[in-house]
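Visitor: I've got a structure open and some terms that I'd like to pin down. Could you walk me through them?

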Amino acid sequence: MSDVPHFGNDFLWGVSTASYQIEGAVDADGRGRSIWDEFSHTPGRTLGGDTGDAACEHYRRYGDDVALMADLGVDAYRFSIAWPRIQPDGVDVETRGLDFYDRLVDTLLDHGIEPSATLFHWDSPLALEAAGGWQNRAITDAFAEYAHVVGERLADRVTRWFTLNETVVFTLLGHGIGVHAPGKELGFDAMQVAWHQLLAHGKAVQALRAAGATLVGPANNHTQVRPVDDSPETLDAAALFDLVYNRAFLDPILTGTWPLLGIVDPVAEDGDLAIISEPIDFLGINSYNPQYIAAAPPGSAVPFDMVTPEGLEYNDFGWPIIPDGFRQMLVEMQERYGDALPPILITENGGAFNEEPDAAGRVRDQRRIDYTAAHLTALREAMDAGVDVRGYFHWSFMDNFEWAEGYSQRFGLTYVDYATQERIPKDSFHWYRQMIAAQKGRR
């Protein structure tokens, strides 16, 4: 077994998933359509025309899945709540949707697993999108009402709450270049969507706390930015990318400032930043790899290029495997924000390694084990350098619908046969279980 350093007696071990990627049952119990239902059913939007209609059928198989998580030995499970199950039209409450998450939370607690809920993982109600979606400031109040409804039902049992997942990815891929739902190509104008998400986050923090939630924070994607050379053009491009990708989604929350002032100025109202910077209890960080940046050719729509240098090791999604970039990103974040940085939870980390079952039915995904062990070692090194990290959630508990890539990429510790819905714990599942047991055995 790949060695992993000890993380301390109180360190939290978990796994993560997202509603549209695993639940299926898109027409069950009054659920409304989401922007991802619309996007994935639009020809040419997803690889092979794949949709989340069935996904992993977790909506009906959640009991068996939770039992498998209990066998894995995790302390916590980070799942997301499908907004269209709770408010199919973005307004009226569907109690059957709340009932499902009630059952899920109780089942987790029955198995000794801490429910850790994300309010929004990209699947907003299609009805709200028709009214302007995240370009319309009114969605921030709709989201706060949704947070209040869910908090009123579940805050007495959900251990920790994540407001929005990966605001940067939803902004840039969904609204900037249009390769994710809702498929808009707004360029830098998408930063207005970022502002509304940040504002919705702050309002949701307030709504959740009013409903009795005690631990609340966001979960965003962050990356270490690596310029490909030290030319002034490249350094300027890398600095701008860092502003757009990292700081625009952290500075407003942690420091109450907008770092793109004079570059991209969103339409805002007095008091917005005070709401956005509502104190949080932790910062969830999703991170997979550093990003290499070059200056874009003259005449490009944006002044930076995201590049993939030769000579590196890549996973099956084409993402570079550089564990030390994980350490450096966390250390640089600590150096930038200092005392303003709250305790950190790593809410996603993993990779696409697409090994299939062998003739004996075993999934030998040693590459995932090596990736995880190396990134956990890098994480421990960041902690030893003074970064306050309290937990790690592996992405993902199971293979799932990977957005625009359909079912072509497998991130799970558990293999899913989509034809039969059979779950097969991979070698990495058994390794993660043994690693957690070894960590707990030292307590």
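Guide: Sure, here are a few labels and the reasoning behind them; keep in mind that this is a predicted model.

Visitor: Why is Thr-140 called buried?

Guide: Buried means under 20% relative accessible area. Thr-140 comes out at 0%, so it is buried. You'll find Thr-140 in helix H7, residues 138-154.

Visitor: What makes the Arg-137 and Thr-140 pair a polar contact?

Guide: The cut-off is 3.5 Å between N or O atoms. A polar atom of the Thr-140 side chain sits 2.8 Å from the backbone oxygen of Arg-137, and 2.8 Å is within 3.5 Å, so the pair fits on distance.

Visitor: Which residues touch Thr-140, leaving aside neighbours within four places in sequence?

Guide: Those are His-196, Leu-199, Ala-200 and Lys-203.

Visitor: How do you know whether H5 is parallel, perpendicular or oblique to H7?

Guide: Look at the angle: helix H5 (residues 95-110) packs on H7 at about 45°, with the axes 10 Å apart. Under 35 degrees would be roughly parallel, and roughly perpendicular runs from 65 to 115. The value falls between those ranges, so H5 is oblique to H7. On the H5 side, the contact includes Leu-98, Tyr-101 and Val-105; on the H7 side, Val-149, Val-150 and Leu-154 are among the residues involved.

Visitor: And what about the largest nonpolar core: how many residues does it have?

Guide: It has 123, and Ile-81, Trp-134 and Phe-143 are among those with the most contacts inside it. Helix H9 (residues 191-210) gives the largest share, eleven residues. Another core, of eight residues, lies apart from it and includes Tyr-288 and Phe-411.

Key. Residues are numbered from 1 along each chain as its sequence is written. This is a predicted model: local features need pLDDT of at least 70, side-chain atom pairs count only at pLDDT 80 or more; totals for chains, interfaces and linings use all residues. Side-chain values use heavy atoms; hydrogens and water are left out. A nonpolar core is a set of buried Ala, Val, Leu, Ile, Met, Phe, Trp, Tyr and Cys residues joined through side-chain atoms within 4.5 Å. Buried means under 20% relative accessible area, exposed over 50%, partly exposed in between (1.4 Å probe, protein chains only). Helices (H or I, at least four residues) and strands (E, at least two) are DSSP runs, numbered from the N terminus. A polar contact is a pair of N or O atoms within 3.5 Å; within protein, one must be able to donate a hydrogen and the other to accept it, and residues adjacent in sequence count only if both atoms are side-chain atoms. Contact means heavy atoms within 4.5 Å. Axes are lines fitted to C-alpha atoms, for helices over the stretch in contact, and angles run from 0 to 180 degrees between N-to-C directions. Angles under 35 degrees count as roughly parallel, over 145 as roughly antiparallel, 65 to 115 as roughly perpendicular and the rest as oblique.
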